Amino acid sequence: YICGGSSAMFASCCIHPIDLTKVRLQLIGQGSTKANPSTLGVVRDIIAKDGVSGMYKGLSASITRQATYGTARIGLYSAFSDYVRSQPGLGGSEGANLPIHWKFLTSFSSGAIASAIGNPFDVALVRMQADGMKPVEERRNYTGVFNAVKRIISEEGFASLYWGYAPNLLRAIAMNVGMMATYDEVKEFCTSQMGSGLHTNLASAGAAGFFCAYFSLPFDLIKTRLQNMKPLPG
């Protein structure tokens with residue numbers, strides 16, 4: 001859990017500007033027929049308006065999300081996989097590679113549980129990243145992740161922390177299956193063909209990253225738009 005969570009938090013710090021750009025691209029053109037700008041166009045616009053520091057808006061929410069969701073997603077997958085290996089009745093054996101169907105099931109279940117834990121911080125993250133797109137008078141101006149969570153509860157009710165949960169659940173499942181199961185499967189194949197080492201780890205991580213993004217992106221788009229919504233006037 002410690003290794004998985006700390007690596008997820010470090011990775012989140014590294015890729016936050018890319019994630020911010022992705023969220024802005026997903027929200028631009030919402031309810032509009034205008035063509036979306038390029039990725040570089042979005043980056044230039046963020047830097048022009050808010051400076052380089054604008055590329056790190058919502059970082060506190062991103063780190064908190066990975067401290068909860070990322071830790072649970074990676075840690076539970078490892079724990080579930082180890083449990084299956086320790087149960088001969090389930091077809092596992094200590095130290096052996098899991099069959100692909102068990103990799104799917106353990107990654108599926110760990111992703112589903114993690115999404116329930118991390119959804120409130122995901123809502124806070126999307127809103128903090130999207131705030132700079134709005135006119136000044138419409139911005140939420142959250143000062144940090146816990147201020148965001150507190151205000152969402154007081155202004156919109158606790159249930160608003162779980163807006164977009166259904167697509168976020170599907171996203172987490174697709175992401176974990178695409179990432180964890182693919183990584184293990186490709187690593188086992190590459191190790192048998194090329195031996196262990198950095199080249200095997202890089203090939204496995206590259207394949208896992210591609211399938212993780214490919215499987216989860218449609219659900220990610222839906223949950224981002226839902227989580228950024230404002231409640232209708234009562």
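Good morning. I begin at the surface, where Phe210, Phe211, Tyr214 and Phe215 make a nonpolar patch of about 440 Å². Please bear in mind throughout that this is a predicted model. Of the patch residues, Phe215 lies in helix H7. Its relative accessibility is 36%, so Phe215 counts as partly exposed, since the exposed class begins only over 50%.

I turn next to the charged side chains. Side chains of opposite charge can pair when their charged atoms come close. In this model the count comes to 13 salt bridges, and I shall present three of them.

The first joins Asp220 and Lys22, whose closest N and O atoms are 2.7 Å apart. Asp220 belongs to helix H7 and Lys22 to helix H1, so this pair ties together parts that are 198 residues apart in sequence. How do the two partners stand in terms of accessibility, buried or partly exposed? Asp220 is buried, because its relative accessible area is 3%, and the limit for that class is under 20%. Lys22, at 24% relative accessibility, counts as partly exposed.

The second salt bridge is formed by the side chains of Glu188 and Lys103, with an N to O distance of 2.8 Å. This pair also links distant parts of the chain: Glu188 is in helix H6 and Lys103 is in helix H4, which covers residues 100-130, and the two are 85 residues apart. Here the lysine is the buried partner, as Lys103 has a relative accessible area of 1%. Glu188, with a relative accessible area of 23%, is partly exposed.

The third example lies within one helix. Arg151 and Glu155 meet in a salt bridge at 2.9 Å, N to O. Both residues sit in helix H5, residues 145-156, and they are four residues apart, about one turn of the helix. Arg151 is partly exposed at 23% relative accessibility, and Glu155 is likewise partly exposed at 48%.

Some of these contacts belong to a wider arrangement. Which residues are linked in a network of salt bridges? The members are Asp19, Lys22, Arg65, Asp122, Arg171, Asp220 and Lys223. The Asp220 and Lys22 pair described earlier is therefore part of this network, and that pair connects helix H7 with helix H1.

I come now to the empty space in the model. Rolling a probe the size of a water molecule over the atoms shows where empty space is left. The largest pocket holds about 1,000 Å³ of space. Its lining consists of 37 residues, and those nearest the centre are Ile15, Arg73, Met175, Met179 and Cys212. Which elements give two or more residues to this lining? They are helix H1 (2-27), helix H3 (59-85), helix H6 (165-194) and helix H7 (198-227). By class, the lining residues divide into 18 nonpolar, ten polar and nine charged.

The second largest pocket contains about 180 Å³ of space. Ten residues line this pocket, and Ala130, Met133, Lys134, Glu138 and Asn228 are the closest to its centre. Its lining has five nonpolar, two polar and three charged residues.

To close, I return to helix H7. This helix holds Phe215 of the surface patch, carries Asp220 of the salt bridge to Lys22, and is among the elements that give two or more residues to the lining of the largest pocket. Thank you for your attention.

Technical notes
Residues are numbered from 1 along each chain as its sequence is written. This is a predicted model: local features need pLDDT of at least 70, side-chain atom pairs count only at pLDDT 80 or more; totals for chains, interfaces and linings use all residues. Side-chain values use heavy atoms; hydrogens and water are left out. On a 1 Å grid over the protein atoms alone, a cavity is a set of points where a 1.4 Å probe fits but cannot get out, and a pocket is an open set with protein on both sides within 12 Å along at least five of seven lines; lining residues have an atom within 4 Å of a point. Grid points are joined across faces, edges and corners, and a volume is the space filled by probe spheres set on the points. Ala, Val, Leu, Ile, Met, Phe, Trp, Tyr, Cys and Pro count as nonpolar, Asp, Glu, Lys and Arg as charged, and the others, Gly among them, as polar. Patches are made of residues with over 30% relative accessible area and no salt bridge: like charges are joined within 9 Å, nonpolar side chains (Val, Leu, Ile, Met, Phe, Trp, Tyr) within 5 Å. Accessible areas come from the Shrake-Rupley method with a 1.4 Å probe; for residues, only the protein chains shown count as cover. A salt bridge is a side-chain nitrogen of Lys or Arg within 4 Å of a carboxyl oxygen of Asp or Glu. Buried means under 20% relative accessible area, exposed over 50%, partly exposed in between (1.4 Å probe, protein chains only).
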